[in-house]
Every structure is written in C-alpha cells, then in structure tokens.
Amino acid sequence: MPGNPDSLAGKRKPRECTHLATPVSLSRLHGFGVASPLSDCAPREPCCASLGWRFFSREPAKWEKHHLRRAGRKEYPAPATSRMRPMGRRQPPYGVGGNICTPGLSFSVSCPVVPVAAGFRDVSRAAGSSMRIVIANRYFYPDQSATSRMVSGLAFQLARRGHTVHAVASRRHHNRTDIVLPASETVNGVHIHRVAGSAFGRGKLIGRAIDYLSFHASAAWWMLTATRSGDVCVLCTDPPMLSATARLPIALRGGIPVNWVMDLFPETAIELGMFSRFPRLAAFAQRLRNRAHRKSGLTICPTGSMARYLVACGEDKTAIVHHWSDGNEIRPVDRAENPLRRSWGLGERFVVGYSGNFGRAHEFATLLDAAERLRDEPNIRFLLIGEGQQRRHVEDEVARRNLTNVELQPFQPSEALPFSLSLPDVHIVSLLPALEHCVIPSKFYGVLAAGRPTIFVGAQDGEVATVVGRHGCGESVEPGDVDGLVASITGMANDPARCAAMGHAARRLFESEYTMPIGVDAWLAAVSGLASEATPVLAPGRRATAT
C-alpha cells in the first residue's frame with residue numbers, strides 16, 4: 001500500500017531526496033505521510049518542484065497517465081512538519097496551485113505532496129485575501145442584458161476589493177451586432193478580453209447556434225493559453241454548455257473551474273420543446289453537463305430548487321447564492337420626480353409594468369388577457385419595457401386586439417433604470433411553472449430595489465411566489481388565472497395605501513437580503529473555500545478536493 005514505509009524498499013534501492021536538510025529516502029517519505037498513489041512504480045527522477053513535491057520521469061506525461069490509471073483516489077493526511085531548503089529564486093506565485101498541504105488538512109490528490117516548510121511562502125490562501133479570478137460570459141459591460149449586468153457588477157466589486165479580475169466576453173452587444181467593442185480594455189480595474197466570434201445575432205436559431213459555437217472555441221483557446229495555476233475560473237451559462245468546453249483547458253493549466261449557473265441547459269430547452277425531435281442529443285448534453293459539473297470545483301446556483309435538482313443529478317459541490325441588484329443605482333423614485341411619467345404621458349394613472357427580457361421562459365398570455373379585460377378602465381395602463389424573442393408576438397397581439405391601454409418601450413439605458421423601474425405602481429414577473437428549477441427571473445431583484453410590489457404569474461410554490469408571500473411585498477397568481485390577475489391589479493389600484501405598503505416592504509426586503517454587498521459577500525464566501533485549498537496542477541479528468 002502507498003502508506004507502507006516498506007512498500008518500495010524490497011523492490012529497489014530506496015532513493016534519497018537531496019533537497020531536504022537531512023536526506024530522507026522516498027520510501028521513508030511514504031511512511032512519513034507523503035501521499036503517493038504508487039506502490040511499485042517509483043519514478044526515475046524525484047524532483048522538488050517549485051510548487052511542492054512532484055515526481056517526474058523522463059517521460060512525465062506517459063508516467064503520469066500510468067500513475068493516474070493505477071491510483072484511484074485516496075485520502076492521505078498531511079504531515080505536521082517538514083524541513084526544506086530554499087531552491088534559489090524559483091518561488092511559487094501567490095495563489096492556489098501546486099502540491100502543497102497545510103497542517104491539519106487532508107486532500108484527495110493525484111500526486112505526492114508534502115507540507116509547506118517554515119520560511120517558504122504558503123500558497124494556500126486564507127478566505128478574504130487576494131485571488132486571481134477569470135469570469136467567462138458571452139456579454140459583459142457595457143452590454144445591459146441581465147446576465148451582463150450581474151456578471152459585470154460582480155467583477156467590478158471584486159476588483160474594488162483588491163482581487164485581480166479578468167473577464168472573457170464577446171465583442172458584441174446582445175441586441176446590437178453592428179457595434180464592435182474593443183478587443184481589450186480595463187474598466188474599473190477589470191481586465192476585459194473580448195474574443196473573436198461570429199455575429200449573426202439572436203434573430204434566427206441557426207445563427208445563434210453558430211455564435212455560441214464560435215464563442216465556445218475562442219473562450220476555450222483563451223483559457224488554454226492565458227489561465228494560470230490557481231486561477232478561479234468562473235464559467236457562466238451564456239452560452240450554454242460553457243462548463244463542458246472550457247473545463248478541460250482550465251484543468252490542464254491548473255485552474256479551478258467554478259460553474260455560476262444562471263439557467264439550466266439543456267433542461268430549459270427540453271421543457272420548451274426545442275429538443276422534441278432530438279431526445280438523444282438532449283440526453284447526451286445533459287450527461288456532458290453533469291460530468292463537467294462533477295469535475296469542477298464548485299457550482300453556484302441562485303435558488304434552492306435549482307440546487308436540489310443538480311444534487312439529484314449527481315452534483316456533489318453546490319452553493320446557493322441569490323441574485324442581487326445595485327441599490328445605489330436602482331432606488332425608489334416618487335411619481336412627481338419621475339421624468340419618464342411625464343415624457344410618456346402617463347400622468348397620475350395606475351401603471352402595471354413589465355420590464356426585462358421577452359424570452360420564451362416567460363408567460364404573456366395571462367397579462368394580455370388581463371389588459372384586454374381592463375381596456376375600458378381609464379386610470380389603469382400597462383407599460384411593457386424590454387426586448388426578446390416574444391416581443392414581436394406581444395406587439396402583434398396588442399395590435400390585433402387593439403389594446404390602446406398597452407404601451408411598449410425598448411430597453412432603457414442604465415442611467416434611466418431608477419426611473420423606468422420606479423414608474424410602474426406594480427410589476428408583473430412571470431415564469432413558466434415547468435421552468436421553476438431551471439430559471440430565476442432576475443428582474444425581480446430590480447423590482448425590489450425600486451420599492452415596488454410584484455404580482456408573480458407562475459407556480460405558487462415557486463421561489464418568487466414564496467418570497468412575495470412570506471414578506472408581504474406582492475401577490476401571486478397561476479398562469480391562466482386572468483380573474484385572479486385582474487382582481488390583484490384592481491385591488492391595488494383602488495387601495496393606494498396598501499400598494500405603497502407592499503412597496504415599502506419590498507425595499508426593506510431588498511436592503512436586508514438582496515443588496516450587491518450582501519450578494520458579493522456570499523459569493524466570495526462560497527468561492528474562498530476553494531481558494532484556500534492547495535490545488536495541484538491537474539491532469540485531464542482529475543481534480544483535487546478538500547476533505
């Protein structure tokens with residue numbers, strides 16, 4: 001067995017490491033607690049690498065492949081002390097990486113390790129100290145899509161707190177393919193790397209698929225050439241399956257893949273019927289995603305239902321970090337002080353709003369039916385702001401039904417968000433019940449920040465409905481319950497004091513649970529557990545985990 005001090009002695013002459021102040025045979029190192037997965041495959045040349053003990057042969061790749069095949073994974077306790085002699089000027093970079101353990105920790109590793117000696121720089125990182133973080137998402141600042149705002153906000157906050165942050169994104173806006181962004185720039189301390197890719201846009205499915213594939217290839221190449229050992233590499237879900245294509249390049253470079261799941265693929269596409277003709281392809285994509293998640297260091301989910309689903313799929317490392325909003329950027333604005341009310345001619349009318357993506361995951365039939373029922377109410381207006389796949393369908397329905405009480409506006413720039421989100425007296429947030437475990441409507445957190453109540457159209461036991469009911473910041477109805485939605489809207493319109501109280505409750509909830517500092521603290525707390533681990537440079541298909 002690897003832990004037996006005599007496992008090598010009877011087969012060949014024990015070798016000695018000359019880098020210790022007192023030479024110790026390699027077989028003694030086994031007994032001393034150094035984890036070696038080999039019992040009868042001693043390397044030809046022991047070497048004390050700059051990142052800790054690592055054994056290499058004259059054919060290191062071939063030896064390591066043999067080594068991994070025979071080893072399996074086993075937990076070995078790290079020894080408490082060791083004496084090592086400095087090796088000239090070669091010192092490990094400050095960050096996670098290398099085969100180094102600290103006393104009191106044990107790791108499941110794929111190659112021998114010894115503890116950090118006194119006088120050597122410990123590369124294990126305590127929570128809260130500086131990290132090098134790479135975030136990959138197709139869209140980044142100055143793009144104003146929901147994922148871009150979330151990812152960009154996190155990146156800027158991390159840079160402000162002293163971390164080194166790199167963002168890997170495309171060179172296009174999500175809704176403006178004619179604008180080409182700079183290939184490289186630094187904004188608010190974040191180093192932005194915009195990789196090459198196609199720009200067919202979101203209009204047609206085949207064009208979007210090509211854009212996805214081109215970003216996958218460019219992002220994987222960037223990870224393979226620019227990732228450093230110990231980098232915390234955050235892989236978002238735009239484009240889908242990025243965790244599957246980028247994990248191996250990151251692992252080969254010694255980085256730590258972290259999956260930040262905004263929405264689940266292929267489950268979302270399956271529920272929307274997009275894989276109805278290709279069930280085997282959907283099953284393959286799901287297996288590939290699950291394998292990538294299991295091989296990663298951590299998966300961060302925005303909701304408990306999503307985390308429970310992934311655990312049921314075999315995910316063994318999950319953290320729940322709720323989405324957030326910027327309370328300094330989005331704040332309540334009174335009617336009299338809101339310039340958009342005046343410019344859009346809404347005056348003192350009661351406004352029912354929808355703001356965000358018109359995506360396939362959202363339900364609009366109930367909203368349009370309620371607007372049709374209330375078309376003769378002179379003091380109630382519907383305001384729909386945003387873009388997306390269903391925008392054209394909504395416009396056609398408004399025109400076909402002659403809904404003069406419905407007004408549509410495009411996405412608003414970031415500086416206008418406090419006014420556009422504060423303009424409605426109540427917001428509609430919708431989600432198809434089948435997608436409850438796949439998607440979280442991020443617009444909900446902006447509505448809370450704006451201090452406005454929410455009427456949620458979706459599953460009554462879902463995440464948003466539960467929060468709204470528990471904290472008294474709105475109401476919820478099932479999709480298709482037009483009577484219930486009309487009753488909620490007219491009830492709030494006829495009782496302004498109750499509506500205002502729900503809005504105050506929404507802002508209080510936001511300030512207590514969903515501000516950006518609270519969210520970033522939770523995100524860092526989840527990731528710092530990884531960052532404090534000593535992670536070896538990984539061979540394909542292997543990982544190191546703290547136990």
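This section describes the nonpolar cores, a hairpin, a buried helix, a loop residue and a pocket in a predicted model.

The largest nonpolar core comprises 35 residues, and those with the most contacts inside it are Ile135, Phe140, Leu158, Val190, Trp260 and Trp523. At least two residues of this core are supplied by each of β9, α3 (146-160), β10 (164-169), β12, β13, β14, β15 (298-301) and α17. Helix α3 provides the largest share, 7 residues. A second, separate core has 32 residues, among them Cys438, Ala450, Phe456 and Cys473. In soluble globular proteins, nonpolar side chains tend to be buried together.

Val190, one of the residues with the most contacts inside the largest core, also belongs to a hairpin. Strands β11 (residues 184-187) and β12 (residues 190-194) pair in the antiparallel sense through 4 bridges, and Val190 in β12 stands opposite Val187. The two strands of the hairpin are separated by 2 residues, and Asn188 in the turn adopts a positive phi of about 50°. With neighbours within four places in sequence left aside, Val190 is in contact with Phe140, Ala155, Phe156, Ala159, Val165, Ala167 and Glu185.

Helix α5 (residues 242-252) contains the buried residues Leu242, Ser243, Ala246, Arg247, Pro249, Ile250 and Ala251. The elements covering these buried residues include β9 (132-136), α4 (205-226), β13 (232-235), β14 (256-260) and α7 (279-294). Of these, β9, β13 and β14 each also supply at least two residues of the largest nonpolar core. Just after α5, Gly254 has a positive phi of about 85°.

Thr515 lies in the loop between α16 and α17 (516-531). This residue counts as buried because its relative accessibility is 15%, below the 20% cut-off. Residues up to four places away in sequence not counted, Thr515 touches Trp324, Ser325 and Phe510.

The second largest pocket has a volume of about 410 Å³. Its lining consists of 21 residues, of which Arg335, Asp425, Arg452, Cys499 and Ala500 are the closest to the pocket centre. Two or more lining residues are given by α15 (482-494) and by α16 (496-513). The largest share of the lining, 6 residues, comes from α16. By residue class, the lining of this pocket divides into 10 nonpolar, 4 polar and 7 charged residues.

Notes. Residues numbered from 1 in each chain as written. Predicted model: local features only at pLDDT ≥ 70, side-chain atom pairs only at ≥ 80, totals over all residues. Heavy atoms only, no water. 1 Å grid on protein atoms, 1.4 Å probe; cavity = no way out; pocket = protein on both sides within 12 Å on 5 of 7 lines; lining within 4 Å. Points joined across faces, edges and corners; volume = space filled by probe spheres on them. Nonpolar A, V, L, I, M, F, W, Y, C, P; charged D, E, K, R; others polar. Buried < 20%, exposed > 50% of the residue type's maximum accessible area, 1.4 Å probe, protein only. Contact = heavy atoms within 4.5 Å. Pairing = 2+ DSSP bridges. Core = buried A, V, L, I, M, F, W, Y, C linked by side-chain atoms within 4.5 Å.
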